[in-house]
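Thanks for coming, everyone. I'd like to walk you through a few local details of this one, so please have the sequence and the structure open.

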Amino acid sequence: MHPYVRFSLALAVASLARGQVTPPPSTSTTNDQAVLLDDVVVTGSPDPKTAFDLAQGTSLLSGDALRLREQGTLGQTLDGLPGVSSTSYGPGASRPLIRGLGGDRVRMLESGVGSLDASNVSPDHNVSVEPLFAERIEVLRGPATLLYGSSAVGGVVNVIDNRIPSVAPTAPVSGRAEARFDTAANERTGILAVTTGNEHVAFQFNGLRTETDDVDIPGVADPSVPTPKGTLPQSSISTKSASVGGTYFWKAGFAGVAVSEYDTTYGIPGTEPIEIDMKQRRLDFRGEITQPFAVFKAAKARLGLADYTHSEVDTTTGTPNTTFNNSAYEGRLELIQQDVGDWSGTLGLQTSRSDFSAVGVEVVTPQSLTYNHALFALEEYQLNRSLTLQFGARVEFQSIKLGTVDPSLPLLPGNTSPTSGEKNSDHSFSLSTGAVLYPAKDYSLGLSLTWSQRLPTAQERYSNGPHGGTGSYEVGSPGLDRETSIGLDLTLRKRAGFVTGSVGGFINQFQNFVFEQRVPGLYFQDATGTFQPGSPVLADDLPIYQFIAKDALFYGGEAEISFHLRDTDTDHLHLTFTSDYVHAQQTTDDEPLPRIPPFRAGVALRYEHGPWSFGTDVRHAFRQDRVSPGETETAGYTLVGADVTYRFAWNRIDWELFVRGTNLTNEDARLSTSFLKDVAPLAGRNATFGLRAAF
């Protein structure tokens, strides 16, 4: 194990143990960490549970903690949480990674239903979820395949917003507004959210507009080529988002619908002169029965339908090279059983459809129609007051049917060409067991063991073509078999006292782990339409990346420990330490896997007094020198931040004035998890100024 990991875990365990000696009373409500651990997490279980009672590692962002982290993309917002990093494909596209896993292994949810976009297809595709509308964000680390499918083997990110009101409003009109500006990209953002209604009906209106310029960076983006100093070319963003929703409430439950749109245009740094123009139109339904019926005590239904498109536009000509479309839906029904003695449980059904296609000069994957249907069951047995046991199973069915396949495309040696209309049907099975032990007052120990299978996607099987957004030629492998994994997760939590927080470890063994690897010494030459060995001859020759399967092993851990130095009615002073580590090795050839985050550690100090709040934090990422063949190493870096917030009431409105500084030392920081790490560093020194109003 990495020496820094041993030190961090030893510090965390010692801190938790020290807090057990003379803990203050656990009834205090001023302890932020206690409040978070006792908050209900909807992602981890269909039956309401708190983060303290879950078998898996969980992070929850809401309230002030969420507002302090909010940024324009989901990956940027969550980067730095224990076990969470980001793909960082420039400022406009950043998808979360959990414990080094991303793509089709981490599910992006919008209030419990999939994001229904193409963000799992390629790292240059942004998640079509607006984090600035979020009421809370829940991150479930480790396999969540039983609830959300085989594509949640790495974890789940659930962005919960208020597009469909779930509780009746307490005032005829309420809402919030926000304006913000930053110095690194000249960001101009405006947000308005308004709720109106009564005890029987509620309506929600949301709107957002964001504009940025190219972002400021320290030094030169790509030292190997002549580029402007101090600016990251092709990094500007333009986003607008809006939604209208309504809910009807009655004694036994509620039902609501919402329509929304998300439009964004953003540049792709360091590649061809490419700009992504992305649009999504979406309809959502949410309903719950909250009173018992038949053998069930409650029921929850979710449905999302979306029409998604994005074009990769050549900025020199203004014409699209390729346009991607995805017409998709996803629905789920959860039936929560009546308790029978010490047993409780949930039965569920999930179904989805994705009609994915691409049109243009760079069609990477042929048109594909994917259906996915699943049944799942989760059961819980309360053995005694100190131990809860959990069991679950899921069976999943998937079919992929191809449209027209271009027979003229070149094939890598060993690959066979799929045929037009080809259909592939398969099934997978997942099992899990878990336990939550309460060894002492305010302590819980969660243990989960999951055996799961993931079916390869159409992109992993059938890709074969140039992709301007990533500057590569992507090749699938039609013969890929189902991916099987066994995951073990252990988490210790403490929710009250001088020391609170959690520390955990995990290990995940994969068979037939599918990943994209560079094919050494081979390039695609667009001028001839052939694969050429050796070095690139022409400027537009593309490196080749192929989806392959090897056995793999992931292990590591996370820690988040808070010391509550002062907690009174008027003053709160908290010191928080965080760290995480991932070791990822493909065991077939005993080589590191590509784009894995390094060991990271951080410390944050926060002081609150009356209307004032002050914070500062330091996060360090160590050098990543465990790299796959053909991948470059990444230097370590340290990011320093600070923030100040002042709250006041005026004219019956609660106001909040804030200033947040990031990368205050102007560090040249490059993420090992990014395809663009050699050509696109993170933003340089930045200050964000904002004003929020709640009415």
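Strand β6 pairs with strand β7, residues 113-114, in the antiparallel sense over two bridges. I should say right away that this is a predicted model. Across that pairing, E110 stands opposite V113 in β7. The hairpin has two residues between the strands, and S111 there takes a positive phi near 55°.

β6 has another partner as well: with strand β9, residues 155-160, the pairing is parallel and runs over five bridges. Here L109 stands opposite N158.

So which way do the side chains of β6 point? V106, M108 and E110 go one way, R107 and L109 the other, and all are buried. That fits the general pattern: in a regular strand, side chains alternate between the two faces of the sheet. Because five of the five residues in 106-110 are buried, β6 is largely enclosed by the rest of the structure.

While we're on positive phi values, have a look at two more residues that are not glycine. S88 has a phi near 45° and sits in the loop between β4 and β5. N186 has a phi near 50°, in the loop between β10 and β11. Buried or partly exposed, you may ask, for N186? N186 is partly exposed, at 31% relative accessibility, whereas S88 is buried at 11%.

Now for the charges. How many salt bridges does the structure hold? The count is 44. One of them joins E380 and K49, with the closest N and O atoms 2.8 Å apart. E380 belongs to strand β21 and K49 to strand β2, so this pair ties together parts that are 331 residues apart in sequence. E380 is buried at 14% relative accessible area, and K49 is buried too, at 15%.

Next, E483 and R105 form a salt bridge at 2.7 Å between the closest N and O atoms. This pair also links distant parts of the chain, with E483 in strand β27 and R105 in the loop between β5 and β6, 378 residues apart. Relative accessibility is 2% for E483 and 7% for R105, and both count as buried.

R332 and E334 meet in a salt bridge as well, 2.9 Å from N to O. Both of these residues are buried. Elsewhere, salt bridges that share partners make one network, including D64, R67, E70 and R176.

Finally, a word on confidence. The protein averages a pLDDT of 91, and 95% of the residues score at least 70. Over residues 2-35, though, pLDDT stays under 50. Where pLDDT is low, the predicted coordinates should not be read in detail.

Key: Residues numbered from 1 in each chain as written. Predicted model: local features only at pLDDT ≥ 70, side-chain atom pairs only at ≥ 80, totals over all residues. Heavy atoms only, no water. pLDDT = per-residue confidence, 0-100. Contact = heavy atoms within 4.5 Å. Buried < 20%, exposed > 50% of the residue type's maximum accessible area, 1.4 Å probe, protein only. Helix = DSSP H or I, 4+ residues; strand = E, 2+ residues; numbered from the N terminus. Pairing = 2+ DSSP bridges. Salt bridge = Lys/Arg side-chain N within 4 Å of Asp/Glu carboxyl O.
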